[in-house]
Each structure stands twice: as structure tokens, then as C-alpha cells.
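Let's take a friendly walk through this model, looking at a helix pair and then at a sheet. Keep the 3D view open as you read.

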Amino acid sequence: MSNGHLPVVVVIGNGMVGHRFCEKLRVSGQFRIVVFGEEPRPAYDRVHLSEYFNGKSASDLALPMTGWFEEEEIVLHLGHKIREIDRQQKLVHSDRGVIQRYDYLVLATGSSPFVPDIPGVEMEGVFVYRTIEDLDRIKAYASRAKSGAVLGGGLLGLEAAKALLDLGISQPHVIEFAPRLMPRQIDSSGSHALESSLRKLGLQLHLNKTTQSIEGHGRVEALQFADESRLPIDMLVISAGIRPRDELARLAGLAVGTRGGIVVNERLQTSDKSIFAIGECALAQGIIYGLVAPGYEMADVVATNLMGGNKTFGGFDMSTKLKLIGVDVASFGDPFAAEPDCGTIVFEDRHKGIYKRVNVSADGKYLIGGILIGDAAAYNLLLQTVNNRLVLPPDPSALILGNRDGAAEGAGVMNLPDEALICSCEAVTKAAICSAVTDKDATTIDAMKKCTRAGTGCGGCIPLVKDLIAGTMKASGLYVRNVICEHFEHSRQELFDLIKLHDVHTYADALAHWGKGDGCEVCKPAVASILASLWNETIVKQATIQDSNDRYLANIQKGGSYSVVPRIPGGEITPEKLIVLGKVAKKYNLYTKITGGQRIDLFGAHVGDLPAIWEELIEAGFESGHAYGKALRTVKSCVGSTWCRFGLHDSVSFAIEIEERYRGIRAPHKLKGGVSGCIRECAEAQSKDFGIIATEKGWNLFVCGNGGSRPQHAQLLATDIDKDTCVKYLDRFLMFYIRTADPLTRTATWLNKMEGGMSYLKNVVVNDSLGMGAQWEEEMQSLVDSYKCEWKEVVDNPELRKRFSHFVNAPRKKDPELQFDNLRGQTKAREW
């Protein structure tokens, strides 16, 4: 049968769900598919739409590859709005004059932003947050706005608030009618934890607020609230919810819900058996599903049935895990179940903004649901525990309080039933993933994506998929190789030993000996780190395999300028050096700030000025602070016994000694230290990769802590030791970490994955159970003795200095694209 005689399926809507339907249906070859999309571009990823402000382009977000519709012989009409459905003649009419016959019609019209009927909503400076075109308009307007607000404190509203932050609105406001944020997903206590974290990030939250009017003269100037308060703003983004796009269905006489949505049955047929509705426009079982995963399931149901199958839509789990402005937020099962129908276990750490709640059945056997704020690492396993009605351990509190190291997680995953749904976006089960490993040799995430499509949607299932791959390989007796990437069939630890054994000093030689291809952005920095850790040669000599920060020995900032951070050991600095910093900052028009690590950061430097700035700083006695490198950053110190009446020992001198010992030593990730003069812990030593705290008898040494998005306290390695012993243990600990950790793995994560945990680490470092102590101390001393300031190496080498010219043929000319604004009396680089 020719393509012209095939049954015609018309799809109205070219969003994520409409596109997924086309992907599912086209494999059969049984239909001619015609798609109408209102927007001027093919389907794109709305889930990650906010990344448009982080550098992703429209083409990066696009779902189909260029030429996909032509290859699949799918007719695509972009920029066409359907104005009429003629059900009698089975025709659709577009606003651009196209009339198309159909045998089956699929409505994937999605939803539109709900815009409240507030006086002034039509003013200039008021936007909705839905399409790439909306984002372009917001981006253009934000460049001349100083303050902005988002109307709506739900999921979409917080995404919009993040966009305003990314666009340089320093303190965006969020207005929410309800008494808490995300009222449909989390409870009051969870909302309080989320609010605390978001306020620290610069959001101004206004809850229980009814917006009465939008004030201004032609353009928005303020919001007037019902409680008579007023908020001056320059722009407003409305993100107060969604409304299903059911207007076409209404005009065509199809059944719709009293509050909107196209009514469908379990096969997603509308009141007209030839017309289907999927995604956010469909009212299934009385529910509008506002997530992409149920929309994908709907697309699969309709495609399967059109191709002769028999599948129904029986509802969908609305559990979700998100990262909102860097804060983990998750809810699963029934998050609002309450006593006496269940037992509730709650953990709350207000200091860190962490809130965890699990609801357990009254008999204590099963998990019903829960909420995770600030730390959602356990989400995937908790969700599987709910969905598969797994019997709980005797102490259910371990679900949120226990130490979830990698081994424990993997074991839990392998105990899931075969039918457990691992990837809800693509409906991939545990059995399908395990079979792909054993039958199709899909032993990497990339291979698994190609084989099963698991992890290609929102990506939230990838940790579970990784554990399933490793667990299946182990159960099958296969060797689980933790290789760096496809170019090197070795782990970082293996490659470290090979490079040392063969005395290799360049990436090209390493690739020639043990690699293949040209390398990638994963293995190049990893090998450069190994070379630097082994030979302590200036990292800029490996510039071709480094990222921009190491290439220019400075951190690139928003707007394209660089920051300069000289080392200030222990935070101790002379008046003469302070004066030099001030003179350099004035001469090169740099923005200055004291960092959290007791140093001074100079922002806004042109790349061509860096060697000249370094030259002046070096002449005054400064050296590189390695703020750009995977190396020791700082050793923070309190004033100790030198000044403090509580100080037991001289913490400043010890911090300076430690920082000057380990400066410049490259590691798998950055390193931070701290030395406190007493248990009051003003240097916050227990939140560092290594921390030293004075005691009456000497020093306590703590290791493997970190702050960041998932903070972890350091653990006690040795008690009441003298300075020499402390340095010896630190030498061993750091060399053990440098030799064995995976690329970009902090010491806390390294310890969490270590078999035997802290007991094993203490045995290796303190008791020297491997007999490597003396060798590691010798290797560390070799690195200490070979230290050179990387800035000075560039300053003294004319060939290296040439690399810092923005224009090769005009070395003194600066980047004309760099623009600067005034910020509180200082110069700040204008964002891209």
C-alpha cells in the first residue's frame, strides 16, 4: 500500500507528549502522520526550560534531530493554529488555510498559563513563563530591570524565580496566595525548610498574599496587595498554574470537565471514538496530569492501541524529585497521610535546611509515602519501596537516618521485583535493564540509554540504573570495571599507577600507551590531574587538556572576565600586602570581596591583564591561591591561643604550616582544611576535607567532611596527637585519597563508597595496615619539595605569557565584548 492510502493520523500539538506519540507510532509504518504545531519550532524539552538561561540554546533543548520528520515521512506544519475540527467530514482547518483529512485525531494541545483576572495584568513588563519565546521576552526585558517578582509559589513559580536570579535580578520576590510554598507537593514543615534554603539564596518570599492590582503607568511599577501593603517592582512573571487547552474540543462539541480538560476513557478516547486526547489537555479519571511522565504513558497507550494492541491508562504515580534553585525537593506515595491511619517519622535539621518525613502503615510493615527537602538522595529507593510494597526493616527510621553508601543502595536495588518500574518516563522495568546488561552487553549508561531509553527523560532514575548495571554485572560474575571513559579502559587508580610506573609526563603519551581515539572532556582533565599529582609540574603546560579555569590559572566568571585569588595562609596578612591588593584592584579596576575561606578575591580581570596582575602581586610576596584548581584551596583558622582567651594552642601558626605544606598539590577534587584552637570550632574544621581541633593534650584530626549542597561532618581519625604525628597522618591520608579516588570525587564521597568505611581508613592511615605509610610520606615530601608557584612560572616565561593574549596579533588589545556596570561603588562585569 502506498503512503497516500495509509490511514491518516493527525496530531494537534507538537510539544513533548505529541512528539513522543509520533515516535511511538512511526515504528509501525501503518499510518501517515500529520502534525500541526502552534509554535514556530519543533518540539523541545520544557522540563529543562530554565536551563535556557544557563547557556543552553534552543537547538540544545530540541527533541528531534534535524531532518527527523523528513526521514520518518511525517508532515509537520509549524506556526499553524487549528481553528476548527469538522467531526462530520473528519477535517481540521488551520489559520493559515491548510485543510487536512484524518482517520484518527490526537489532541496533544497541552496547557496554557493560568493568568488571574487582576487589574493591570495587560501592562508592559508582565510576562508568562511557558515557551522559548516567552523566555526571550523575559530575557530582553530583564536587562533593564532591577527588581522583579513571580506570582505563584508552586513548582513553575520557583522555576521562574530561578530564571530571574540567573538573569541578574539580585533579589527576586515570590508571591504565593497559600500559606506555604508548593502546597500540592509538600507539607508545612517541609515548606518551612524549603523557604529557609531559598531565602539564603536571595529569594524574597511573600506568603498568604492576595494580589489586588498591578500598578503602573503603562508598564508595571508595583504590586498592590489586599492587606494594603505594596511592593515596588520593575517586572512581573505570572506562574500561577496551568489551564488545559480544551477550547478546540469545546468548539467541536466534545465532552469536557466542569473545571476544564477533555474527558477521556481508559483508552484515552474522547466522546468521539476517532478522537483521542493525551497530556495536560486530557481529563483522565477526573485528573489533569501536569507532569511529562504520565503524558508519555498516555502517548504509548494511544499508539499501542492504534497499532492493534490493547492497553489502558489506569492512572499514574505523581511522585516527583526536583532540584529547585539548587535545593532538592521530593515527594512520593501519599505525602500527606496522617495519624492515626499511619505512623509518621520526621527528621529535621533547620541549620542545614533538611527535612525528611516518611509515613509508615499502622502495622509498621509498609511505607506509604513521604517528603524529602534539602537531601533527596534516598528518593529512588524510597519510591520503589512504596510502589512495590516492600516490607520495611525492623527500624523504619533507618530509611531516613541510616548511612546510604553506594554498596547499600546497590543491594537494595537488586532486591526489587523484576516488574519494578525504574524509569517512569520511558516505562522501563528492572527486568528490562537487567536483561539489557546480560543479553545485549549494555554495561554503561550510554549503552543503556540506546538500548532501553532508560534515563533519557528527566534523568532522575540514572542513579538506580547505574546500581542495577553494576549489581547485574556482579551477580553474573562479570568484572565491574570503573573505567574513566570509552577512551581509556582503566580506572583512575589503574591509570595513576601505570603513568607513574612508565614515567609518562604528557597526555599524548598516556593516550598512545593506554588509550584510543582523541580523548574527551572527561578523560583529559582526569589525566591532567594525575600528571599534576604525580610530577607537580605547572598545570598550564597541560593547557590543551584542561578546562578554562586551569588553562588561565583563574576562575572564569559571568560576563567572561576572570577572578584572581592570591594565597593568604591562615587568613593572616600584613598591612603592606593589604595596601598592594588595594593598589592592584584600583589599577586594574577590579571588584574586591573577602571570601568564605579567609582570602581576598579580585573580580573582573581581562585575560590579557592576568600575567601583569600576578607580576605585581608576586613582587609583593603573594602567590597563586589555586582557587581555580582541583587542589588545596585554604586551611581556615581561628585566632587560637595567640589572641583568644579560650584558645588551647596556636591554631594560626599550625594552619599556615599545613597550608604551606600542601599548597599546589593536585587531587581528584578540591581540598579544604581548617584548624580550630578549641572545641568551640570557630574555624568550622569539622566541615572540611580535613580538620584539626586543639585539645588539652594535643590535636584531634578529623577527615572526610564537606559543606556544599550535601553537607557531611568530618569523622574522627586520631585523638590527642602531637603536631608531627598529625602531619604524618595527613600525608598518608591525602596520598591514599589522591591515589585511589575516582575523578571529581570529594573525600566525603570517597569515604562513603569505601568498603569498611572509617574503620578501614583508620586502619590504613593510623595502623599502616597496608605497609604503605612510609612510601606515602616520602611521595608527599617529594611533592612538597618540588612546589612552584604557577603564576610565577607564567610571569617568568615569555612563551607561556603569550597564551594570555586575547588577540594574537594585537597582544595589548583587550576583549571588546567585556562590558562593566557599577555595583555599590565597585565595577562588576555585565553578564552575557
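The paragraphs below begin with the helix pair and then turn to the sheet. Please keep in mind that this is a predicted model.

Start with helix H12, which covers residues 430–440, and helix H13, which covers residues 445–452. Their axes lie 10 Å apart and meet at an angle of about 110 degrees. Angles of 65 to 115 degrees count as roughly perpendicular, and H12 and H13 are therefore roughly perpendicular to each other. Which residues make the contact? From H12 come Ala432, Ile433, Ala436, Val437 and Lys440, while H13 contributes Met448, Cys451 and Thr452. By character, the residues of this contact of H12 with H13 divide into 6 nonpolar, 1 polar and 1 charged. Lys440 of H12 is the charged one, and Thr452 of H13 is the polar one.

Now move along to the sheet. It is open, has 5 strands in the order E32-E33-E34-E35-E36, and its pairing is mixed. Strand E32 (632–637) and strand E36 (715–721) each have a single partner strand and stand at the edges, so one side of each is left without a neighbour in the sheet. From one strand to the next, the twist averages 15 degrees.

At the E32 edge, 4 bridges join E32 to strand E33 (residues 671–676), and the two run parallel. To find this pairing on screen, look for Leu632, whose bridge partner in E33 is Leu671.

A helix also packs on this sheet: H25, residues 757–765, touches strand E35 (699–703) and E36. The direction of H25 makes about 40 degrees with that of E36.

Definitions and conventions: Residues are numbered from 1 along each chain as its sequence is written. This is a predicted model: local features need pLDDT of at least 70, side-chain atom pairs count only at pLDDT 80 or more; totals for chains, interfaces and linings use all residues. Side-chain values use heavy atoms; hydrogens and water are left out. Axes are lines fitted to C-alpha atoms, for helices over the stretch in contact, and angles run from 0 to 180 degrees between N-to-C directions. Angles under 35 degrees count as roughly parallel, over 145 as roughly antiparallel, 65 to 115 as roughly perpendicular and the rest as oblique. Contact means heavy atoms within 4.5 Å. Two strands pair if DSSP finds at least two bridges between them.
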